[in-house]
There are 2 protein chains.
Amino acid sequence: MELHEPELRDVPVTAVLAALADDVRLQIVRALAEGGGEYACGTFEFGISKATRSHHLKVLREAGLTRTRVAGTTRFVRLRRDELDRLYPGLLDAVLTAPTPTPPTRD
Amino acid sequence: MELHEPELRDVPVTAVLAALADDVRLQIVRALAEGGGEYACGTFEFGISKATRSHHLKVLREAGLTRTRVAGTTRFVRLRRDELDRLYPGLLDAVLTAPTPTPPTRD
DNA sequence: ACCCTTGTTCGACTTTTGTCGAACAAGCTC
DNA sequence: GAGCTTGTTCGACAAAAGTCGAACAAGGGT
């Protein structure tokens, strides 16, 4: 069971940005960044189905944002923080420290 | 002719990221950033039609990334650099200094 | 006035993306 | 091994996004 985890330098920056440009995935990334460690996939319960969650984690992985460790039937996910900070200094910080996930719905 | 230019703080960060997560738009943003000043829409010739270009410029504008000045039949576009740097410190720099627009197609 | 230039808007079309339930795969545990 | 748990994969579907040509709008020449 090989996981496709690309070299970060081989990922177009647009793919990285696209991966971050989704509410669900941003929540996941925030959670990962906040905890700092690794989390089982099942940890991320944001009112989405298993299938959808699996999909988003795949997008993140293939965009080079996360790394996954397989342990039995469980998969532990973690942010590739160091690599990201090295290749895109400031990007992750900027995104993570950004205001609220969705602004207070002022229209 | 009112142009819809939102307050940056009212734009979800995912919208900003989505706006940047496209090759054509990223090229436009790079061009704007490099030049530093303002450019007529027609400046951006990336092998796309007028309609498509207009569309991308609209996306950028509505994501709060650019500001547009109308002068006769021409429209001048510029990056909202200062505001962006203030609200998302490091983001733009990170994106702009990123390697090549599309990595050397190694597959 | 007429035409040319600059852009936008309007369908229309295609591709991509997000979402789900259901089926499947692979480990655990008893 | 039967059954449970954890995730992935497979259609299917709807919504969103990118693209274009054609029509339109509004200024600026001459």
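**Entry 1. Contacts with DNA strand C**

A polar contact is a pair of N or O atoms within 3.5 Å. I kept this cut-off at hand while I examined the model, which is predicted.

I looked first at Thr52(A), where an N or O atom of the side chain lies 2.6 Å from a phosphate oxygen of DNA strand C. I then turned to the backbone. A backbone N or O atom of Ser49(A) is 2.9 Å from a phosphate oxygen of the strand, and in chain B a polar backbone atom of Gly42(B) is 2.9 Å from a phosphate oxygen. I noted which elements give two or more residues to the surface near the strand: helix H3 (50–62) of chain A, and helix H3 (50–62) and strand E3 (74–79) of chain B. H3(A) gives the most, with four residues.

I next listed the residues around DNA strand C, 19 in number, of which Thr52(A), His56(A), Gly42(B), Lys50(B) and Ser54(B) come nearest. By class I recorded ten polar, five nonpolar and four charged residues. Of the strand's atoms within 4 Å of the protein, 65% belong to sugar or phosphate, and the rest to bases.

**Entry 2. Helix H2 of chain B**

I checked the length of helix H2 (residues 23–35) of chain B. Its 13 residues should span 18 Å at 1.5 Å a residue, and the end C-alpha atoms are 18 Å apart, so the two values agree. At the start of H2(B), I found a side-chain oxygen of Asp22(B) within 2.9 Å of the backbone nitrogen of Val24(B). Buried residues of H2(B) include Val24(B), Leu26(B), Ile28(B) and Leu32(B), and also Arg25(B) and Arg30(B). After the helix comes Gly36(B), with a positive phi near 85°.

**Entry 3. Salt bridges**

Side chains of opposite charge can pair when their charged atoms come close. I recorded 15 salt bridges over all chains.

In one of them, Arg80(A) meets Glu83(A) at 2.8 Å, N to O. Arg80(A) is buried, at 2% relative accessible area, whereas Glu83(A) is partly exposed, at 23%. Both belong to a network of salt bridges with Glu5(A) and Arg67(A).

I also looked up Arg81(A) and Asp93(A), whose side chains meet at 3.6 Å, N to O. This pair links distant parts of the chain, helix H4 (residues 81–87) and helix H5 (residues 91–96) of chain A, with the two residues twelve apart.

In chain B, Asp85(B) and Arg81(B) form a salt bridge at 3.6 Å, N to O. They are separated by about one helical turn, because they stand four residues apart in helix H4 (residues 81–87) of chain B. Asp85(B) is partly exposed at 26% relative accessibility, and Arg81(B) is partly exposed at 27%.

Definitions and conventions:
Residues numbered from 1 in each chain as written. Chains lettered and ligands numbered in written order. Predicted model: local features only at pLDDT ≥ 70, side-chain atom pairs only at ≥ 80, totals over all residues. Heavy atoms only, no water. Near = heavy atom within 4 Å. Polar contact = N/O pair within 3.5 Å; in protein donor to acceptor, adjacent residues only side chain to side chain. Nonpolar A, V, L, I, M, F, W, Y, C, P; charged D, E, K, R; others polar. Expected span 1.5 Å × (residues − 1). Buried < 20%, exposed > 50% of the residue type's maximum accessible area, 1.4 Å probe, protein only. Salt bridge = Lys/Arg side-chain N within 4 Å of Asp/Glu carboxyl O.
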